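Here is a short round of questions and answers on charges and burial. Have the sequence and the coordinates open.

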Amino acid sequence: MESKVVVANHKMNLTVREISDYLKKISKINNKNVIICPTSIYAPYFLQNGYSVGLQNISYKEKGAYTGEISPVQASSMGISYAIVGHSERRELFDEKDYEVHAKVINALDNNMGVILCVGETDEEKDMLRTEYILKKEIRNALKDIKKEDECKIMIAYEPIWSIGSGKLPKNKEIEEIVVYIKEVLKKLGLSNIRILYGGSVNEKNIKELKKLKGIDGFLVGGSSLDPDKFLKIVEVAVK
Ligand code: PGA
């Protein structure tokens with residue numbers, strides 16, 4: 001079975017001492033298919049140890065008086081190669097709108113960064129059968145006017161919001177149907193070369209089953225990426 005991409009999203013977790021322990025424990029990992037998105041201040045530790053690194057968010061500005069922001073120009077000048085854009089926590093807790101997600105995607109791509117674009121429906125949206133509508137809206141708004149040559153730099157992470165951190169997952173068949181749908185939406189945008197990841201309660205126990213998913217090129221892992229032993233197990237199964 002082909003090798004998958006594994007993206008770790010540490011969110012706002014771990015202290016510097018824990019990071020040092022983490023690095024020791026994951027030192028067996030030596031694969032460009034693993035991307036670590038630590039809390040941004042820890043990025044240099046992972047870069048120094050040879051990992052592909054992503055930020056969990058990126059500014060849509062290039063430089064200037066924007067306190068607290070990090071621009072893709074700065075990130076790529078350090079060797080950071082990816083940015084997660086539009087994670088549901090940023091959309092929900094920081095009220096990030098589709099037009100901001102779009103501006104961030106464009107800014108990252110224009111400045112040599114890869115983009116991990118997160119899309120997904122809430123519990124209520126799923127119950128109201130609005131999943132496809134939400135996915136179409138989020139993808140179209142985020143990827144409008146994307147240059148064809150940039151599509152290889154984009155990954156879409158399908159993350160049902162109700163699955164994030166909850167231990168609940170869609171059935172494999174449901175995820176596969178969503179992948180087909182996402183590909184249709186992309187095709188209508190003239191895009192056919194974008195990788196699709198699954199995210200939401202991926203762990204060391206379910207990774208074997210999830211690896212069988214058709215059309216899924218990799219995984220975005222939150223909670224289970226914080227424990228180096230669990231993360232190692234996930235990588236061992238997914239990346240081969
Ligand atoms: P989870 O988070 O693996 O803890 O569900 C995934 C994410 O938020 O990207």
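Q: Is E209 buried, partly exposed or exposed?
A: This is a predicted model. The relative accessible area of E209 is 43%. Buried requires under 20% and exposed over 50%. E209 is therefore partly exposed.

Q: With which residue does E209 form a salt bridge?
A: The closest N and O atoms of the pair are 2.7 Å apart. The cut-off for a salt bridge is within 4 Å. The partner is partly exposed, at 48% relative accessibility. That partner is K212.

Q: How many residues apart in sequence are the parts that D110 and K147 tie together?
A: The side chains of D110 and K147 meet in a salt bridge, 3.2 Å from N to O. D110 lies in helix α5, and K147 in the loop between α7 and β6, so the pair ties together parts whose separation in sequence is 37 residues.

Q: Which residue forms a salt bridge with R91?
A: R91 is buried, with a relative accessible area of 13%. Its partner also counts as buried, at 15%. The closest N and O atoms are 2.9 Å apart. The partner is D98.

Q: Which helix gives the most to the negative patch?
A: The patch is formed by E92, D123, E124 and D127. D127 is exposed, at 61% relative accessibility. Three residues of the patch come from one helix, residues 123–127. That helix is α6.

Q: Within what arc do the buried residues of α1 fall?
A: I19, Y22 and L23 are buried in α1. Seen down the axis, they line one face of the helix because they fall within an arc of 100 degrees.

Key:
Residues numbered from 1 in each chain as written. Predicted model: local features only at pLDDT ≥ 70, side-chain atom pairs only at ≥ 80, totals over all residues. Heavy atoms only, no water. Patch = residues over 30% accessible without salt bridge, like charges linked within 9 Å, V, L, I, M, F, W, Y side chains within 5 Å. Areas by Shrake-Rupley, 256 points an atom, 1.4 Å probe, with all protein chains shown as cover. Lys, Arg positive; Asp, Glu negative; His and termini not counted. Charge placed at Lys NZ, Arg CZ, Asp CG, Glu CD. Helix = DSSP H or I, 4+ residues; strand = E, 2+ residues; numbered from the N terminus. Buried < 20%, exposed > 50% of the residue type's maximum accessible area, 1.4 Å probe, protein only. Arc of directions from axis to C-beta.
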